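Let's take a walk through the empty spaces and the backbone oddities of this one. Have the model open as you read.

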Amino acid sequence: VFVFLRLGGLKQAVMAAQKLRRWLSTYRRRIETAEDRLNVVEALSSKQVLQKTVRLSSGKWLRQGDRVLSPSYLGDVLQLGGFENSVLNADFVASNSEEVQNGKTVFQSRDGEHILSSLAAGVKGDVWIVSTAETYYRTRYREGRTRPWQSFGALAVSPPGASLDAAPVLNWQELDADGWKLREGAGLQSIRAEPPLPAPVRLLPANAPPVIPFSDT
């Protein structure tokens, strides 16, 4: 028992030392202007890793390959509202695991339970649908149909040709117990940048030491 406790304590100590060393290698920057934030957001992947080097207005640099550790999310937040199903009235942020679907960014709810994604919907233009994450990952590679959301488990659908580049975008359809219903005041209510400026940002360099799982051997 004594040896087991010693090994357990050693494991925790090693892991803690590695994490501390990794944390000490991080660095801080301050995003002061909306232009700075736009440049940083455009350079970030869905996993908050910089795809190119960005120079801030302060003259400081954010280097390609570095990862944003805090805040936990840096980018636009899409707020949906006006639906009778309360789970659809939620904030959506760029997905951590999906880059694009149908050539457009995939968004997920804060709790990760729902996905907002684009679908090709024929000659009338693409649509945006909200579905459960479980359904999305099961059906995302299906081919589109004339009314594709019926086979993709959609809970809400935007008007054909809708763009989510600016808000509001209303008149979405919602699925309830009696079928599809038009909700004139429902849909994308607002887009806000997060976090508010000025925003202190902590980044992990690409060359930071990794945290290696402890092994008794």
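## Loops, backbone oddities and hollow spots

Pro 168 sits in the loop between β12 (154-157) and β13 (172-176). Keep in mind that this is a predicted model. The bond leading into that proline is worth a look: going from Ala 167 to Pro 168, the peptide is cis, with omega near 0°. That loop between β12 and β13 also holds Asn 171, a non-glycine residue whose phi is positive, near 65°. How accessible is Asn 171? Its relative accessibility is 39%, so Asn 171 counts as partly exposed.

A cis peptide bond also joins Ser 70 and Pro 71, with omega at about 0°. Here the proline is in the loop between β4 (67-70) and β5 (75-81). For context, most peptide bonds are trans, and most residues other than glycine have a negative phi.

On the phi side, there is Asn 102 too, with a positive value near 60°. Asn 102 lies in the loop between β7 (100-101) and β8 (104-105). With a relative accessibility of 33%, Asn 102 counts as partly exposed, because that class runs between 20% and 50%.

Here are the two asparagines side by side:

| Residue | Phi | Relative accessibility |
|---|---|---|
| Asn 102 | near 60° | 33% |
| Asn 171 | near 65° | 39% |

Now for the hollow spots, starting with the open kind. The largest pocket has a volume of about 590 Å³. It is lined by 27 residues, and the closest to its centre are Val 41, Asp 76, Ala 94, Thr 105 and Phe 107. Which elements give two or more residues to this lining? They are α2 (34-43), β5 and β8. By class, the pocket lining splits into 13 nonpolar, eight polar and six charged residues.

What about enclosed space? The count comes to one cavity of 30 Å³ or more, and the largest cavity holds about 40 Å³. Its lining is made up of Gln 101, Ser 117, Leu 119, Ile 129, Ser 131, Tyr 136, Thr 139, Arg 140 and Phe 152. Two or more of the lining residues come from each of β10 (114-119), β11 (127-132) and α3 (133-139). In terms of chemistry, the cavity lining has four nonpolar residues, four polar ones and one charged.

Terms used
Residues are numbered from 1 along each chain as its sequence is written. This is a predicted model: local features need pLDDT of at least 70, side-chain atom pairs count only at pLDDT 80 or more; totals for chains, interfaces and linings use all residues. Side-chain values use heavy atoms; hydrogens and water are left out. On a 1 Å grid over the protein atoms alone, a cavity is a set of points where a 1.4 Å probe fits but cannot get out, and a pocket is an open set with protein on both sides within 12 Å along at least five of seven lines; lining residues have an atom within 4 Å of a point. Grid points are joined across faces, edges and corners, and a volume is the space filled by probe spheres set on the points. Helices (H or I, at least four residues) and strands (E, at least two) are DSSP runs, numbered from the N terminus. Ala, Val, Leu, Ile, Met, Phe, Trp, Tyr, Cys and Pro count as nonpolar, Asp, Glu, Lys and Arg as charged, and the others, Gly among them, as polar. Buried means under 20% relative accessible area, exposed over 50%, partly exposed in between (1.4 Å probe, protein chains only).
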